[in-house]
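Me: I have a chain on my screen and would like to understand the labels people put on it. Could you walk me through them?

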Amino acid sequence: MAHAKSVQLHQAPTISFKPLLAIKGYLAILLAAFVEAKAMELKSRKTSGNW
């Protein structure tokens, strides 16, 4: 009955993918905002003409 008192430790994986997915989502939002800002800049340059 010695084995009944032994405790088995189930170690969780040390690398979690949730932070990586959060970073990926954050970078995707930044990239979309950058692309939109560039498009707006080009549009405003075309419509502004010469000052």
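Reply: Happy to! This is a predicted model, and the secondary structure of the chain comes to two helices and zero strands.

Me: How many residues does the chain have, and what share of them count as buried?

Reply: The chain has 51 residues, and 0% of them count as buried. As for the surface, the accessible area is about 5,600 Å², with 68% belonging to carbon and sulfur atoms.

Me: What makes Lys-38 and Glu-41 a salt bridge?

Reply: The closest N and O atoms of Lys-38 and Glu-41 are 3.7 Å apart. The cut-off is 4 Å between a Lys or Arg side-chain nitrogen and an Asp or Glu carboxyl oxygen, so the pair qualifies. By this rule the count comes to one salt bridge.

Me: Where do the two partners sit along the chain?

Reply: Lys-38 and Glu-41 are three residues apart in helix 2 (residues 18-48), so about one helical turn separates them.

Me: Why is Lys-38 called partly exposed?

Reply: Its relative accessible area is 41%. Partly exposed lies between the 20% and 50% limits, so Lys-38 fits. Glu-41, at 31%, is partly exposed too.

Me: And how do you know that Tyr-26 counts as exposed?

Reply: Tyr-26, which is found in helix 2, has 53% relative accessibility. Exposed means over 50%, so the label holds. Tyr-26 also helps make a nonpolar surface patch of about 890 Å², along with Ile-15, Phe-17, Leu-20, Leu-21, Ile-23, Leu-27 and Leu-30.

Terms used
Residues are numbered from 1 along each chain as its sequence is written. This is a predicted model: local features need pLDDT of at least 70, side-chain atom pairs count only at pLDDT 80 or more; totals for chains, interfaces and linings use all residues. Side-chain values use heavy atoms; hydrogens and water are left out. Helices (H or I, at least four residues) and strands (E, at least two) are DSSP runs, numbered from the N terminus. Buried means under 20% relative accessible area, exposed over 50%, partly exposed in between (1.4 Å probe, protein chains only). Accessible areas come from the Shrake-Rupley method with a 1.4 Å probe; for residues, only the protein chains shown count as cover. Patches are made of residues with over 30% relative accessible area and no salt bridge: like charges are joined within 9 Å, nonpolar side chains (Val, Leu, Ile, Met, Phe, Trp, Tyr) within 5 Å.
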